[in-house]
Amino acid sequence: MNFYFCEKSTIMEIVTHTWHWAISGFLIGMVMLLLNYFGKVFGMSSNLRALCSMTGVGKSVPFFDWDWKSQRWNFVVVLGAMLGGYTAVHFLSDVSNVAINTKTIEQLATLHIDAPNGKLLPDALFGNEIYRSPKMILILILGGILIGFGSRYAGGCTSGHAISGMSNLQLPSLKAVIGFFVGGLIMAHFILPLIF
Amino acid sequence: MKAIKYIVVGFFFGIVLTKCEAVSWYRIYEMFLFQSFHMYGIIMVAILTGTIGLQVIKRYEINDIKGNPIVIPDKEKGSTRYWIGGLLFGLGWALVGACPGPIFILIGAGFLSVGLILIGAVLGTFIYGVFKDKLPH
């Protein structure tokens with residue numbers, strides 16, 4: 001494609017369509033390297049531990065008695081990421097987004113989960129109706145507990161192990177990532193059909 | 001202001017993760033059903049980019065912004081914690097379709113129900129902290 005002759009609207013289309021995996025993966029790798037260049041290590045779940053420590057529970061639970069203030073930079077990254085999410089969803093999206101496999105959509109229909117049609121999240125799990133369903137509220141909280149407990153037990157999440165750890169050729173990270181996928185496969189293939 | 005560079009990197013990260021749809025529950029579900037290469041491509045290219053970058057940093061002894069050597073600490077040796085912790089994390093990841101980065105990004109984007117996942121995630125982290133010494137690592 002020759003950008004020189006591109007209309008402005010064409011450039012906007014490139015931005016608002018789903019970004020290609022190769023470009024996105026490269027940019028995520030660059031985010032990690034950039035943080036390394038700033039003297040930091042990329043890892044999002046550390047923020048959860050810092051959030052716990054902020055409440056002062058470190059006085060009674062030693063795990064939360066650490067120098068969480070050295071992680072303040074990570075909160076700033078999170079703040080930026082939240083603003084980025086807001087910008088991308090409100091100004092850089094269009095109806096062509098989240099064009100997942102039609103087979104996946106058929107399978108979702110059997111679980112009574114709505115098709116994306118440009119949305120990032122299904123209403124069945126995240127829409128306003130869920131507040132009237134104790135089951136759905138519990139599912140979201142339980143999912144969060146598994147994520148928080150699991151990432152701290154494993155010492156990292158997708159960013160800390162899959163991206164940072166694997167890039168640094170860490171064997172423990174490979175074990176954790178295999179664990180992530182085994183858990184994910186069990187949930188997607190065997191447990192989700194029982195829940196929905 | 002030192003904080004500006006972290007805001008900018010975070011902002012960029014939030015846009016990339018949203019625009020490649022790694023924050024989407026649908027994309028995570030599709031990935032675990034092996035019905036698209038999209039997410040696998042993102043993860044593999046990110047690791048490849050990171051691996052090459054870290055090798056370049058090591059070979060040319062590139063220093064960080066303050067002039068200190070860039071050292072990324074090794075992960076603790078062990079197995080149990082990685083297998084079990086990883087498995088539990090994976091169960092949660094596929095259930096609610098978000099890992100810690102996307103949880104924050106989605107809340108910022110205005111999906112307030114994702115706040116329930118955040119409450120759970122902080123609670124889960126707290127539970128780990130309480131039982132840490134009783135768990136096999």
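Modeller: A residue is buried if 20 or more other C-beta atoms lie within 10 Å of its own. The model before us is predicted, and this term will serve us when we come to helix 3 of chain B.

Biologist: Let us begin with the whole of chain B. How many helices and strands does chain B have?

Modeller: Chain B has 6 helices and 0 strands, so that its elements, taken from the N terminus on, read α-α-α-α-α-α. Its C-alpha trace spans about 45 × 40 × 35 Å along the principal axes.

Biologist: What share of the residues in chain B is buried?

Modeller: Of the 137 residues in chain B, 55% are buried. As for contacts with a separation of 6 or more, 43% of those in chain B are between residues 24 or more positions apart.

Biologist: How should chain A be read beside this?

Modeller: Chain A comes to 9 helices and 0 strands, in the pattern α-α-α-α-α-α-α-α-α along the sequence. Its C-alpha atoms fill a box of roughly 55 × 50 × 35 Å, taken along the principal axes. Buried residues account for 44% of the 196 residues of chain A. Among its contacts between residues at least 6 apart in sequence, 49% join residues at least 24 apart.

Biologist: How many residues does the contact take from chain B and from chain A?

Modeller: In general, the size of an interface is often given as the accessible area lost when the parts come together. Here we may count residues instead: the contact takes 100 residues from chain B and 106 residues from chain A. On the side of chain B that touches chain A, at least two residues each are supplied by helix 1 (3–19), helix 2 (25–32), helix 3 (38–59), helix 4 (80–96), helix 5 (100–109) and helix 6 (114–131). The residues of that side divide into 60 nonpolar, 27 polar and 13 charged.

Biologist: Why should helix 3 of chain B span 32 Å?

Modeller: The expected span is 1.5 Å times one less than the number of residues. Helix 3 of chain B has 22 residues and should therefore span 32 Å; its end C-alpha atoms are 32 Å apart, in agreement.

Biologist: Which residues of helix 3 of chain B are buried, and what do they pack against?

Modeller: The buried residues of helix 3 of chain B include B:His38, B:Met39, B:Ile42, B:Ile43, B:Thr49, B:Gly50 and B:Leu54. The helix's buried residues pack against helix 2 of chain B, and also against helix 2 (21–37) and helix 8 (158–167) of chain A.

Biologist: What follows helix 3 of chain B?

Modeller: B:Glu61 follows this helix, and its phi is positive, near 45 degrees.

Definitions and conventions:
Residues numbered from 1 in each chain as written. Chains lettered and ligands numbered in written order. Predicted model: local features only at pLDDT ≥ 70, side-chain atom pairs only at ≥ 80, totals over all residues. Helix = DSSP H or I, 4+ residues; strand = E, 2+ residues; numbered from the N terminus. Buried ≥ 20, exposed ≤ 12 C-beta atoms within 10 Å, placed from the backbone. Contact = placed C-beta atoms within 7 Å. Nonpolar A, V, L, I, M, F, W, Y, C, P; charged D, E, K, R; others polar.
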